[in-house]
Amino acid sequence: MSDTTTAENANEPRLITETGLDQRIADIIEPVIVPMGYRLVRVRMSGQNGLTLQIMAERNDGTMTVEDCEEISKAISPVLDVEDPIDKAYHLEVSSAGIDRPMVRKSDFFRWEGHLLKCETSVLVDGRKRFRGKIVSVDDDGFRLERDQPAYGEEPVVVIPFTTLSEARLILTDDLIRDALTADKKAKAERAANENFEDEDSPIEE
């Protein structure tokens, strides 16, 4: 796993975005949550529990707490009520991206280099559209994936350009769980330290 954090790329655009109604909802809520210090990961309408609007988000450092989810929910609910993009009753569900998270930004690939991934491309890359393997290196244009089960005649490593991605997600492993928990703990400790520093630096009231 790379030490690259998302904190330096608060305004980094997503590689993989929504279409249709999901895109309209994303366009409504993203301007609300970004000034609050969050980044949108994914918007998805599903038929779960009748109709559910699922919002995945995270702080710029990659963390997300239950309190963060509640804060986002309270902030976007009034805006969605005003804009009214959904013409039926629905449930709003705000969550973190999870450990086996969708990969939607370049920094996600840098951050989770060395871990297993499954992805789909919109066009054929090296003769196929579906891939599964380990991210072995990343640059600004794409990433190299070491296939876990290459077919006969296939090269063990394939280069996948970011421009071809239609979906990508980490695969849950013991190593991923360990590294994700370590990264989350480190980011929360750094945030707590920064908040304490800001408190100490504030003027003393007389």
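Where does H2 bend, and which proline follows within four residues? In this predicted model, H2 bends by about 30° at Ile76. The proline is Pro78. Helix H2 spans residues 66-83, 18 residues in total. Its first and last C-alpha atoms lie 26 Å apart, close to the 26 Å expected at 1.5 Å a residue. Asp84 follows H2 and has a positive phi, near 50°.

The bend residue, Ile76, is also one of the buried residues of H2. The others are Asp68, Cys69, Ile72 and Leu80. These buried residues pack against helix H1 (20-33) and against strands S1 (38-46), S2 (52-59) and S3 (91-95).

The structure holds 16 salt bridges. One of them pairs Arg132 with Asp148, with the closest N and O atoms 2.6 Å apart. Arg132 lies in strand S5 (residues 128-138), and Asp148 lies in the loop between strand S6 (142-147) and strand S7 (157-161), so the pair ties together parts 16 residues apart in sequence. Both partners are partly exposed: Arg132 has a relative accessible area of 41%, and Asp148 has 37%.

Arg147 and Glu154 form another salt bridge, at 3.5 Å from N to O. Here Arg147 is buried, at 8% relative accessibility, whereas Glu154 is partly exposed, at 22%.

Within helix H4 (residues 174-201), Asp184 and Lys188 lie four residues apart, about one turn of the helix. Their salt bridge brings the closest N and O atoms to 3.0 Å. Asp184 is partly exposed at 24% relative accessibility, as is Lys188 at 31%. Elsewhere, shared salt-bridge partners join Glu12, Arg39, Glu58, Arg101 and Asp108 into one network.

Note on methods:
Residues numbered from 1 in each chain as written. Predicted model: local features only at pLDDT ≥ 70, side-chain atom pairs only at ≥ 80, totals over all residues. Heavy atoms only, no water. Helix = DSSP H or I, 4+ residues; strand = E, 2+ residues; numbered from the N terminus. Expected span 1.5 Å × (residues − 1). Bend = angle between axes of the 7 residues up to and from the residue. Buried < 20%, exposed > 50% of the residue type's maximum accessible area, 1.4 Å probe, protein only. Contact = heavy atoms within 4.5 Å. Salt bridge = Lys/Arg side-chain N within 4 Å of Asp/Glu carboxyl O.
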